[in-house]
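Here are a few friendly notes to read alongside the structure. Keep the 3D view open and find each part as we come to it.

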Amino acid sequence: MTSELDIFVGNTTLIDEDVYRLWLDGYSVTDAVALRVRSGILEQTGATAAVLQSDTMDHYRTFHMLERLLHAPPKLLHQLIFQIPPSRQALLIERYYAFDEAFVREVLGKKLSKGTKKDLDDISTKTGITLKSCRRQFDNFKRVFKVVEEMRGSLVDNIQQHFLLSDRLARDYAAIVFFANNRFETGKKKLQYLSFGDFAFCAELMIQNWTLGAVDSQMDDMDMDLDKEFLQDLKELKVLVADKDLLDLHKSLVCTALRGKLGVFSEMEANFKNLSRGLVNVAAKLTHNKDVRDLFVDLVEKFVEPCRSDHWPLSDVRFFLNQYSASVHSLDGFRHQTLWDRYMGTLRGCLLRLYHD
Amino acid sequence: MPGKLKVKIVAGRHLPVMDRASDLTDAFVEVKFGNTTFKTDVYLKSLNPQWNSEWFKFEVDDEDLQDEPLQITVLDHDTYSANDAIGKVYIDIDPLLYSEAATVISGWFPIYDTIHGIRGEINVVVKVDLFNDLNRFRQSSCGVKFFCTTSIPKCYRAVIIHGFVEELVVNEDPEYQWIDRIRTPRASNEARQRLISLMSGELQRKIGLKVLEMRGNAVVGYLQCFDLEGESGLVVRAIGTACTLDKLSSPAAFLPACNSPSKEMKEIPFNEDPNPNTHSSGPSTPLKNQTYSFSPSKSYSRQSSSSDTDLSLTPKTGMGSGSAGKEGGPFKALLRQQTQSALEQREFPFFTLTAFPPGFLVHVGGVVSARSVKLLDRIHNPDEPETRDAWWAEIRQEIKSHAKALGCHAVVGYSESTSICEEVCILSASGTAAVLNPRFLQDGTVEGCLEQRLEENLPTRCGFCHIPYDELNMPFPAHLTYCYNCRKQKVPDVLFTTIDLPTDATVIGKGCLIQARLCRLKKKAQAEANATAISNLLPFMEYEVHTQLMNKLKLKGMNALFGLRIQITVGENMLMGLASATGVYLAALPTPGGIQIAGKTPNDGSYEQHISHMQKKINDTIAKNKELYEISPPEISEEIIGSPIPEPRQRSRLLRSQSESSDEVTELDLSHGKKDAFVLEIDDTDAMEDVHSLLTDVPPPSGFYSCNTEIMPGINNWTSEIQMFTSVRVIRLSSLNLTNQALNKNFNDLCENLLKSLYFKLRSMIPCCLCHVNFTVSLPEDELIQVTVTAVAITFDKNQALQTTKTHVEKSLQRASTDNEELLQFPLELCSDSLSSHPLPPAKEHLESASSNSGIPAAQRDRCSSWIELIKLKAQTIRRGSIKTTVTVEKASPVGDGNFRNRSAPPCANSTVGVVKMTPLSFIPGAKITKYLGIINMFFIRETTSLREEGGVSGFLHAFIAEVFAMVRAHVAALGGNAVVSYIMKQCVFMENPNKNQAQCLINVSGDAVVFVRESDLEVVSTQQPTANCQSSCTEGEVTT
């Protein structure tokens, strides 16, 4: 006696959250059944393995049919085939677009292309996430990217509107899309200590301040690309380190203000010029795409690592950066105050976030 | 002259990509009614076309309006080659033809293609302007209302119940026409769908005419079926009960739909037989209700293979169907005198209803059924379907005579079915013989009845259990006792019926689903030989099914079956029997005895031991079941009941030997001398197997109950969560050395596993009850068995359940005791004894139930409130100040349609699809039906030539059933409704050819589209204009919850 056909269709589509998770995690039906058995569900319910198998198959089939709709979540809301309560729809969407930290760290900043897709095998082996799950996550990134790429308006809003994600997840996707678009390098060994959260935080700051959408131009509200003009202008900041007087003046202003307040004052004093040169040079280099990509590598190399080797506590870093940016306002010969604020305001936030072990 | 049909095509959405080059579609729509076709403009390059067409007007006869479906075809325009069809929508405009139903059909319909399934949706508006037609000889029957519901619909009142209406129409099946060889599968499927749609329209119209002739205005319990007879044609037949219904003017005055039986009992004055004394105080004393259809089986054995076409194995009316038809004698005549007059003029005093207005049902005799095996041949002249008519007439005649033999003048809960394999067809009919209150059948109105009942004021609720036949002249052997409730009348020791449990019946404990399953191998044979073989097997099957039911019923400690449905399915090399019913313990009937096992070889010591071991197991099971189903009838000692009536054993024996030509029966002494004993003789391995299989049925896990009737006896407080589902399983038997036992085991396992799966899947709804569990068996191929189940799971409130059942029991106890007091000065000790067996402090319970009542459902509802709404609302407020956000919202555009972008609109009202509930029951728990919008009767074919790509047979059928649900919901929503009640999947024919990567499936569903209002919302609505506002307010309510 073999089962040829075995289906269950409810007027309200049944969604089992546990099975959905297993499906999203890319387990085969057999593996999923084994995992469910291990969870002790048989004992709880008195069901047999055959029942579990049939149930799992059913759910998998349903999810498979839903997947097409999940690719365009508004369709899930409009479609007539599956009657699903709104709360469940939200859950389906949210979980489908959720991603693994380990996975996102691997592809963050990479071009979302076929080439990267080929590497998913390696990523799967490396992270222990099933290839199927990796593919889903990658395809999600790519799909969101494609849809919002050419779109005007706020990136987070666009994502939220077209994919009906929660606020938190939409922000994460905005970061992923932003990183993919600007191809920031995040994979270097130096950057391994950084979490996705760190990058997402920086991305949000950059989107808010460094993109075209950030300046109040309603016509060209593009959140994806950095404001080219702004990047060009950043060259002007070079004067802060090129002009010796200005540099000295800046240093003395900072040192005066911080004397006695900083535990690592002497190290700061000794390193000031190096640090300042580092930060300003990063800004000046951002005209080249290549250097934009290396932004995080540079920040870590030029600022985070030196400070860390001198064992600066985070509070000192904050004092320093605040003072360092504020003191520029007192430099009479410096004319690019707004530019400096737009640059440094974001950079300070990023650096503070990036500064940890 | 009669009507103008107006159609407007508004828009489409989610269309499939038809032009690979542009990834877009140039869609236009053809609107066809009868022979007239209109076209919209081509909307270029869009997957969401906005046609906004003019009103297309069709001027048509109302006859056509009833017969023809509106056919909407969506096509992709192609300049160079033929236009490609995207899909079709058939809209039955019947609901627009009577005044009280829908006035407009408007909404999104799935565009359906028989090869690709649903491909996008189309927004259509349909209206009908009807002119009054005074022509008396008209062919149409506009205005007659149809209901699938097998009881008087909730917002109506039955003025007169006229009786049985039936009709059938036949045609050639397009699939078997010569042209089918040259046309595409799509064209063939569409021809079939269209033809069936036409035929059912015609059928409905003809039935309507009959109703008008009877001066009725509605058909209740309308059941329409298709017989796909293959080569020999296509038969569409329908039966129903003609009624004159009156719309209740103030719906608030009516009882809420989900009302519990106990509550109803309180509010409905006295649903009792108005004159049981005059009726049956005579010598009519009960015997055993074993009516169950042995008599038909006898008829199988009498073969008349005289003609090729008609192996009519059913007796002709004149033959009086053997023993069953013997004369009743003077007493019976007396009995029937009153009531029969009303029914006598009627050819068939049948009623397809399963639940009745209070007072309608006087006595119930038992199940009557008849089967007949026929050989199909080509229907030569579709306009004269006489052969099929004659077949059914024969069967009905037989049913009628069986009912007569039971002293009953009517048959209720009547239904008909067929099973076809190649050219052999089994026709079956069954129902419950009953004595009815004549007042409902004549021109007297219900009020008259009510008054009457109030006047007579008889306090018994057991009348329907009392035997209608005459004790001394019983058609079958039975064991009678005095009614345990009123002590006046005789009752049988078991009662089998096809109807729902009457609301006024007193039940102890809870009920449960009881199934008998049986397979019999049969040699493959051709034509007549095959029919003969089948008809030889049938009586044995019927007998065994019955024995199994009886055993299982006793094992459950219960004494009555309701909703009994026996399905016999014929296949190439086997016959399958599946009987489902809901077992209950009726307080009026005697306590069932146990099951005793007797061995054939009493000398063998170890064998004895084995037997006694089995006996113990059985006794344990019975005890366990009694506990499980809370069956604790009040103990009543023998003296009070009076000594059992001396069995007229001699006579009954005699009778049986007359009636049963089969020897099998003598093995089972149904009227066993010792009271209540039920003996199973274990004389061979078969019998052993049977006993074993009895014990293998696993009860549902705790928190689950199941029944195949409308409501579960003993559970009263349904909460509003319902889940209707369909589950299909097909197993392939290993063809090697199949034996009957192996087959039985396979089939049994199949059904049990299916039930287990259902319990597991629905575990989140616990405590819940599967209601209206409907199993259908078919044998699509040699080694395949297909079982289809449709049911609804309803949650209930456990705390309240406890309480109400308790009060229920108390009440019945009180009732019993007062009766006893009156009669025999029965001491009250017993009563208090049994009360103390429920030592739960009532006060505490009250608290619990109160808290759970207010808390849980509300919380659930809150949780449901859309999360996506929240997202969307939040989306407006985040980021960069509000001014900018609003700007971006307005200018955002490319993907998605207008509705969705308009986020400032009331959340979700436009974007999500309104919820449409579906249920096989006639009511919706926690809600009140305010309007019936018309009947839904849909037929779909789906075919694939890429079975593997669609996920194999399971993927294919899963998707198809989901699509069928979607189309039903869409039609209901377009009618302005928010639920389908009395939903039934009448057919699910699945054929596959995995080698060719092909599969085909036909599904036929029906139900009543309704508008319901939650009881919680009811107060709000009722303060306003009730009927006017309810529709909009409740659909709104549905969307937002």
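1. Let's begin with a term: two strands pair if DSSP finds at least two bridges between them. Keep in mind that this is a predicted model. In chain B, strand β13 (residues 361-375) runs antiparallel to β15(B), and 13 bridges join the two. One partnership to look for is B:Ser369 with B:Ser430 of β15(B).

2. Strand β14 (residues 410-421) of chain B is also antiparallel to β15(B), with ten bridges joining them. Here B:Glu416 has B:Ala429 as its bridge partner in β15(B). β14(B) and β15(B) make a hairpin that leaves two residues between the strands. In that turn, B:Glu422 has a positive phi of about 50°.

3. Is strand β15 of chain B buried or exposed? Of its 13 residues (424-436), 13 are buried, so the strand is largely enclosed by the rest of the structure.

4. Now for the empty space: there are 19 cavities of 30 Å³ or more. The largest holds about 480 Å³. Its lining has 33 residues, and B:Tyr90, B:Asp92, B:Ser197, B:Asn937 and B:Met938 lie nearest the centre.

5. Which helix gives the largest share of that lining? α2(B) does, with seven residues. Other elements of chain B that each supply at least two residues include β6 (84-91), β29 (927-944) and α22 (952-974). By class, the lining of the largest cavity has 17 nonpolar, ten polar and six charged residues.

6. Finally, turn to chain A, where the domain assignment gives domain 1 (17-83), domain 2 (101-210) and domain 3 (228-354). The centres of domain 1 and domain 3 of chain A, taken over C-alpha atoms, are 53 Å apart.

Note on methods: Residues are numbered from 1 along each chain as its sequence is written. Chains are lettered from A and ligands numbered from 1 in the order in which they are written. This is a predicted model: local features need pLDDT of at least 70, side-chain atom pairs count only at pLDDT 80 or more; totals for chains, interfaces and linings use all residues. Side-chain values use heavy atoms; hydrogens and water are left out. Domain bounds come from an automatic or database domain assignment. On a 1 Å grid over the protein atoms alone, a cavity is a set of points where a 1.4 Å probe fits but cannot get out, and a pocket is an open set with protein on both sides within 12 Å along at least five of seven lines; lining residues have an atom within 4 Å of a point. Grid points are joined across faces, edges and corners, and a volume is the space filled by probe spheres set on the points. Helices (H or I, at least four residues) and strands (E, at least two) are DSSP runs, numbered from the N terminus. Ala, Val, Leu, Ile, Met, Phe, Trp, Tyr, Cys and Pro count as nonpolar, Asp, Glu, Lys and Arg as charged, and the others, Gly among them, as polar. Buried means under 20% relative accessible area, exposed over 50%, partly exposed in between (1.4 Å probe, protein chains only).
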